[in-house]
Amino acid sequence: MVYDLLVVGGGLAGSTLAKNMAERGYRVLVLGRETRFKDRVRGEQMHCWGVTEARTLGIYEPLLKRCGHQTDWWKVYQNGAIVQSRNFKELAPHRVGSFNFYHPAMQDVVIELAAQAGAEVRRGVAVTGIVTGADAAVQIETNGQRQTLPARLIVGADGRNSQMRTWAGFATSRAPDCLFLVGGLLEGTSVPDDAVHAVRGRDNFLLFAPIGAKRARAYYISTEGNRHLSGKHDITSFVAACRDTGAQPEWFDGVTAGGPIAQFNGADHWVEHPARDGVVLLGDAAGANDPSYGCGLSLALMDVRHLRDCLLATSDWRSAIEDHARARAHYYGKIRRITQWLTELRWSTAPGADERRIRVMRRLAAEPHRFPDTTLLGPAAPDDEETRRFLLEA
């Protein structure tokens with residue numbers, strides 16, 4: 001059999017695309033390496049513009065029913081006090097707040113949706129290589145048996161460390177190292193679960209994303225790359241780092257580690273044009289924005305919705321993936337530019353940086369509409385030269 005789409009990766013992007021194409025009658029195969037999804041400290045907080053994409057793609061309601069936790073508020077703290085409290089349900093263009101979930105549970109839901117829509121799903125499969133061009137195919141090994149599976153289009157949705165990206169010969173650009181994150185799932189926390197909580201320390205930052213039942217994913221962010229935390233046994237050191245941001249101490253009273261604790265580098269990496277020779281990349285495989293800004297899940301679903309629409313609009317799929325790649329470079333580029341500016345504003349230690357931060361924050365207090373808010377607006381946020389000057393030359 002020649003599949004219409006062969007999707008490598010059964011996560012959010014791959015399974016959601018498979019669902020949407022299979023329910024329209026296309027022959028879709030999803031290949032997943034894992035037989036059971038595990039917690040690996042991945043994104044669990046989706047911005048409101050990503051929720052809009054989830055609704056359009058038909059996965060929001062099933063996720064909400066099975067594992068989702070909807071939050072309306074975004075609260076920012078500094079020196080132990082709330083300095084900003086915004087109701088995203090009222091402010092967002094589509095009147096919805098952020099959406100949080102336990103990542104492995106989300107993966108279970110979306111891969112089941114793909115299978116229910118008619119996609120063939122194979123798990124526990126080792127992809128060993130691909131063939132690009134007119135005879136595009138994926139090479140796999142299962143239980144010692146090797147196969148070559150031909151497809152009209154191959155989709156690489158295998159994450160930040162994508163092998164598909166390498167096998168297809170895509171060149172990867174990478175931003176300089178700057179921010180490092182340590183993430184962990186905390187159980188038994190008293191953090192209010194009606195909001196996403198962002199705590200600003202002087203030289204660190206904490207993002208708290210509640211997922212219900214007194215559980216929350218915490219991400220500690222700083223410019224230090226030497227916090228080699230790994231595994232549940234590092235819970236004490238992780239909690240101490242989180243408390244150091246000035247977060248409410250009681251949020252951590254009696255918490256336990258609900259999964260692994262891990263550090264990772266937040267530096268952007270991306271493919272300028274993520275389509276070639278019958279292969280297209282989705283989500284983090286195509287380009288991963290610094291997860292400190294939480295745009296990854298929303299970008300992945302924007303990728304899926306846009307690629308789906310391009311494929312449905314024409315029978316010339318090679319032209320369709322070229323159109324998608326150009327558009328992806330545009331909206332991902334907007335997010336990357338804005339977050340680079342915000343990183344320079346927030347984290348720079350250059351002479352005069354502290355004074356500039358004070359000036360910009362005063363201006364933003366008087367003109368909040370000038371802030372390029374990727375959390376609220378995503379790629380619709382302003383990224384023009386006037387905005388850059390406002391942030392970096394104030």
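In this predicted model, the sulfur of Cys67 finds its closest cysteine sulfur in Cys48, 19 Å away, which is too far for a bond. Cys67 itself is buried, at a relative accessible area of 14%. Cys48 is buried as well, with 2% relative accessibility, and its sulfur has its closest cysteine partner in Cys295; at 10 Å, that separation is also too far for a bond. With a disulfide requiring two cysteine sulfur atoms within 2.5 Å, the count comes to zero.

The aromatic side chains offer a livelier picture, with seven aromatic pairs in the structure. One of them joins Tyr26 and Trp317 in a tilted arrangement, with 5.4 Å from centre to centre and 45° between the planes. Tyr26 belongs to the loop between helix 1 (12–22) and strand 2 (28–32), while Trp317 belongs to helix 9 (residues 317–347), so this contact ties together parts of the chain 291 residues apart in sequence. Tyr26 is partly exposed, at 23% relative accessible area, whereas Trp317 is buried at 5%.

A tilted pair is also formed by Phe208 and Phe252, because their ring planes meet at 35°, with the centres 5.7 Å apart. Here strand 15 (residues 205–212), which holds Phe208, is linked to the loop between helix 7 (235–243) and strand 17 (256–257), where Phe252 lies 44 residues away. Both rings sit in buried residues: Phe208 has 0% relative accessibility and Phe252 has 3%. Ring pairs connect these two phenylalanines with Tyr77 and Trp251 in a cluster.

Charged side chains meet ring faces too. Arg123 lies over the face of Phe37, 4.2 Å from the ring centre, and Lys75 lies over that of Trp73, at 5.9 Å.

Terms used
Residues are numbered from 1 along each chain as its sequence is written. This is a predicted model: local features need pLDDT of at least 70, side-chain atom pairs count only at pLDDT 80 or more; totals for chains, interfaces and linings use all residues. Side-chain values use heavy atoms; hydrogens and water are left out. Buried means under 20% relative accessible area, exposed over 50%, partly exposed in between (1.4 Å probe, protein chains only). Rings of Phe, Tyr and Trp (its six-membered ring) pair if their centres lie within 6.5 Å; planes under 30 degrees apart count as stacked, over 60 as edge-to-face and the rest as tilted. Helices (H or I, at least four residues) and strands (E, at least two) are DSSP runs, numbered from the N terminus. A charge sits over a ring if NZ of Lys or CZ of Arg is within 6 Å of the ring centre and within 35 degrees of the ring normal.
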